[in-house]
Amino acid sequence: MTIYSSESIYRQGIGNIIRMMISDFSKSRELVWRLFLRDFTSRHKQSLLGWLWIVLMPLMTMGTFLLLNMSGIIKIGDIDIPYPIFGLMSFSIWNIFSNGLAITTNSVTGAGGLVQKINFSKDSLVFASFGQVVIDFLIRAALTLGILLLYGRVPLTSFFLFPIVLLPLVFLTLGVGMMTSLLQAISKDIVSFVNLGTGFLLLLMPVMYSAEQVGVLGKLNAVNPLYYLVIVPRDIMLYGEVHHLAGFVLSGIFGLIIFIFGWMFFYLSQTKLAERI
Amino acid sequence: MKNVIEVKSVSKKFCKNIKRLMMYGLTDVARGIVNLSVHAERLRRDEFWALRNVSFDVKKGEAVGLIGLNGSGKSSLLKLINGIFLPDVGEIIVRGKTGALIEAGVGFHPSLTGKENIYLNGTILGMKKKEIDERFSDIVHFAEIREFLDTPVKNYSSGMVVRLGFSIAVHSAPDILLIDEILAVGDLSFQKKCFEKIESLRRDHNTTIVFVSHDMNNIRRICDRCVLLEHGRVKKIGGTDKVISAYLA
């Protein structure tokens, strides 16, 4: 028996709501997979360059930073490994957040009629859309491995820890993405803010460069959870070194809290979505 | 007989102004999360009642028609029964798996083939892969698209899209089937086939039907009872002929 009323879900209490979220997610695993396949199959169907974009994007970003470095606008700094390896790995990790956020933000409004005309678990759209980001990362990580070997370097064992060390970043991205996808359904400005914000953050944070962080920028990054969730996994995978462990752990906890809160915010509000799109 | 749908004093409001709609959306979501009242009974500026104090029941195996002029609230009510919208006031109790045909082809991806869309749409409608595998041939046979299974749906005619959409929905084995006018798109022979299928669902599976249409002949053919809506309120409930007479009067 299902009861539809404006307040029924809010009366459940947080514990029950979290149980319902997990149970609904478990029931919609097949749907998430099917929606992922839909996006995967159709993604590059009408694109001239198709899958090449996955490689072109980091190459273009790396080229821009190299150009800015040569012009003296940005200092890439001292890097112990060849820049193509550093740049590609950094971009791949950063892209989990930046592209992940852009894709998840658009996932619900992009479904349009589906949301308005069929009753299904809308968070499936967000989870499924994130699958494309995972595919992009895996392709780029494989490419980084190839380049490592091309330079005659043996990848460290820690390189293969990426499913664990990147999990907090995935949580943070999904949590924020859940909230922004909902807000995007209410106001179409949100995705523009997201793109503007992630572009700005890429310049502020030492993702594509390694110059030492001093002054205001250093202070800002010291309290920025995203800084730890991007930089620490990169250092673990490329150097096998862990700096800022405390910052990483705290940021990981922060990412998890944002994920739970974002998902709950989405879950409780998803029925309002159909009316707003 | 047991009620499978109970609509209890349901009201639903919408907003005419897009900017206010966004603002109300944000405030409603925020207030709901912190468990504050969203003043559901009160209309804010530019809001209007799409449905007001609507109550009726539908019994297992019954076919009920929702009729009324455009804007009377029929489609909104169907979406409320399907759980796509939530009532602002009142509640709706639904017992059983619900299938909805609110728009033909919704959920189809234009670039994917007919076969890919059968799996996609079937899953969206709550079917497991195994169920789709088992019913795949029946779905294709009923939709009459076997030759076009590997063709992208964007190259289908509107009739083919309706046939495929209808076929997937009826083969998802719903206990309650909600249909909103979509059969008008198909040609006469397919409409006939759809009505025969609806009748067989009722006869063989005791499926409950809620049917929205402007075609009174179709309503007469399918429905045992009707609900006449006017400006979002129930004007008359009763036997099909009586309610249709009141509507046409």
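A crossing of two helices is called right-handed if the near helix is turned clockwise from the far one by less than a right angle, and left-handed if anticlockwise. Keep that in mind for the first exercise, and remember throughout that this is a predicted model.

**Exercise 1. Describe how helix 3 and helix 6 of chain A pack.**

Solution.
- Start with the two elements: helix 3 of chain A covers residues 52–70, and helix 6 of chain A covers residues 123–150.
- Next, look at the geometry. The helices pack at an angle of about 65°, and their axes are 10 Å apart. Angles of 65 to 115 degrees count as roughly perpendicular, so helix 3 of chain A is roughly perpendicular to helix 6 of chain A.
- Now apply the opening definition: helix 3 of chain A passes helix 6 of chain A in a right-handed crossing.
- Finally, find the residues that meet. Helix 3 of chain A brings Ile54(A), Val55(A) and Pro58(A), while helix 6 of chain A brings Asp136(A), Ile139(A), Arg140(A) and Leu143(A). Sorted by character, the residues of this contact are 5 nonpolar and 2 charged, with no polar ones.

**Exercise 2. Work out what chain A gives to its contact with chain B.**

Solution.
- Count both sides: 31 residues come from chain A and 38 residues from chain B.
- Locate the elements on the chain A side. Strand 1 (2–5), helix 2 (29–42), helix 5 (113–117) and helix 12 (245–276) of chain A each supply at least two residues.
- Pick out the main contributor: helix 12 of chain A gives the most, with 8 residues.
- Sort the chain A side by character, and you get 12 nonpolar, 11 polar and 8 charged residues.

**Exercise 3. Follow the sheet that includes strands of both chains.**

Solution.
- Read the order first. The open sheet has 4 strands, arranged 1(A)-4(B)-1(B)-2(B), with antiparallel pairing.
- Check the edges. Strand 1 of chain A and strand 2 (47–59) of chain B each have a single partner strand, so one side of each is left without a neighbour in the sheet.
- Add the twist: neighbouring strands are turned by 20° against each other on average, direction ignored.
- Step across the chains. Strand 1 of chain A is joined to strand 4 (residues 89–94) of chain B by 4 bridges, and Tyr4(A) has Ile92(B) as its bridge partner.
- Step on within chain B, where 5 bridges join strand 1 (residues 3–15) to strand 4. Here Ser11(B) is the bridge partner of Val89(B).

**Exercise 4. Judge whether chain B is as compact as a globular protein of its length.**

Solution.
- List its elements: chain B has 8 helices and 9 strands.
- Compare two values. The radius of gyration of chain B is 19 Å, close to the 18 Å that the globule rule gives for 249 residues, so chain B is as compact as a globular protein of that length.
- For its extent, the C-alpha trace of chain B spans about 55 × 45 × 30 Å along its principal axes.

How values were computed:
Residues numbered from 1 in each chain as written. Chains lettered and ligands numbered in written order. Predicted model: local features only at pLDDT ≥ 70, side-chain atom pairs only at ≥ 80, totals over all residues. Axes fitted to C-alpha atoms, helices over the stretch in contact; angles between N-to-C directions. Parallel < 35°, antiparallel > 145°, perpendicular 65-115°, else oblique. Contact = placed C-beta atoms within 7 Å. Nonpolar A, V, L, I, M, F, W, Y, C, P; charged D, E, K, R; others polar. Pairing = 2+ DSSP bridges. Rg over C-alpha atoms; globule rule 2.2 N^0.38 Å.
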